[in-house]
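Colleague: I am new to this structure and would be grateful for a guided introduction. May I put some questions to you once it is displayed?

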Amino acid sequence: MFSAQELENIPVHTLIPQREPIVMISRVTAYSGKQIRTELDIDEENIFLGKNGFSESGMLENIAQTAAAIVGLEARSAGKEVPLGFIGGITKVKVYELAPALCTVHTQVEILQEIFNITLIKGKQFHLENLLLECEMKIVINP
């Protein structure tokens with residue numbers, strides 16, 4: 001496990017395979033093996049920011065990258081390279097509202113089940129205390 005201070009000092013780009021401008025995590029704030037919390041600072045340059053706010057696509061990408069950060073932290077602990085992965089499916093999507101520009105969203109992901117190289121997760125994204133989006137995803141990791 002990692003302490004809050006250790007998590008704060010880990011550059012996000014070392015935990016996920018994505019690179020700018022597609023990186024949708026600013027920092028990892030908590031991690032406990034099967035659960036992780038991240039934050040994303042949405043600035044004016046974010047490619048998923050539209051006139052109505054941070055798009056559903058951006059919200060889903062943020063949840064997927066938050067899930068990927070679990071794998072990245074596990075790889076870091078084992079001294080291995082971060083593996084590539086992809087979204088195998090998205091279900092039970094509920095969008096309640098879009099986040100505004102120039103805010104920070106908080107994302108939490110919980111692993112529900114792991115079978116071989118497929119992981120089923122539940123993700124939720126919040127702005128302040130307001131639930132913005134929730135979903136389940138199947139994440140497939142290259143072995």
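Modeller: Let us begin with a term: a residue counts as buried under 20% relative accessible area, as exposed over 50%, and as partly exposed in between. Please note that the model is predicted.

Colleague: Are Phe-2 and Tyr-31 buried or exposed?

Modeller: The term just introduced applies to both residues, with a cut-off of under 20% relative accessible area. Phe-2 and Tyr-31 are each buried.

Colleague: How many residues apart are the two members of the aromatic pair?

Modeller: The structure holds one aromatic pair. Phe-2 and Tyr-31 form this pair, which is tilted, with 6.1 Å centre to centre and 50° between the planes. Phe-2 belongs to the segment before helix H1 (4-8) and Tyr-31 to strand S1 (residues 27-31), so that the pair links distant parts of the chain, 29 residues apart.

Colleague: Is Phe-116 buried or exposed?

Modeller: Phe-116 is located in the loop between strand S6 (103-115) and strand S7 (118-127). Although not a glycine, Phe-116 has a positive phi of about 55°. Its relative accessible area is 86%, and the cut-off is over 50%, so Phe-116 is exposed.

Colleague: Which strand holds Val-95?

Modeller: Val-95 joins Ile-87, Ile-90 and Val-93 in a nonpolar patch on the surface, with about 270 Å² of accessible area together. Because its relative accessible area is 37%, Val-95 counts as partly exposed. The strand that holds Val-95 is S5 (residues 85-95).

Terms used: Residues are numbered from 1 along each chain as its sequence is written. This is a predicted model: local features need pLDDT of at least 70, side-chain atom pairs count only at pLDDT 80 or more; totals for chains, interfaces and linings use all residues. Side-chain values use heavy atoms; hydrogens and water are left out. Rings of Phe, Tyr and Trp (its six-membered ring) pair if their centres lie within 6.5 Å; planes under 30 degrees apart count as stacked, over 60 as edge-to-face and the rest as tilted. Helices (H or I, at least four residues) and strands (E, at least two) are DSSP runs, numbered from the N terminus. Buried means under 20% relative accessible area, exposed over 50%, partly exposed in between (1.4 Å probe, protein chains only). Patches are made of residues with over 30% relative accessible area and no salt bridge: like charges are joined within 9 Å, nonpolar side chains (Val, Leu, Ile, Met, Phe, Trp, Tyr) within 5 Å. Accessible areas come from the Shrake-Rupley method with a 1.4 Å probe; for residues, only the protein chains shown count as cover. A salt bridge is a side-chain nitrogen of Lys or Arg within 4 Å of a carboxyl oxygen of Asp or Glu.
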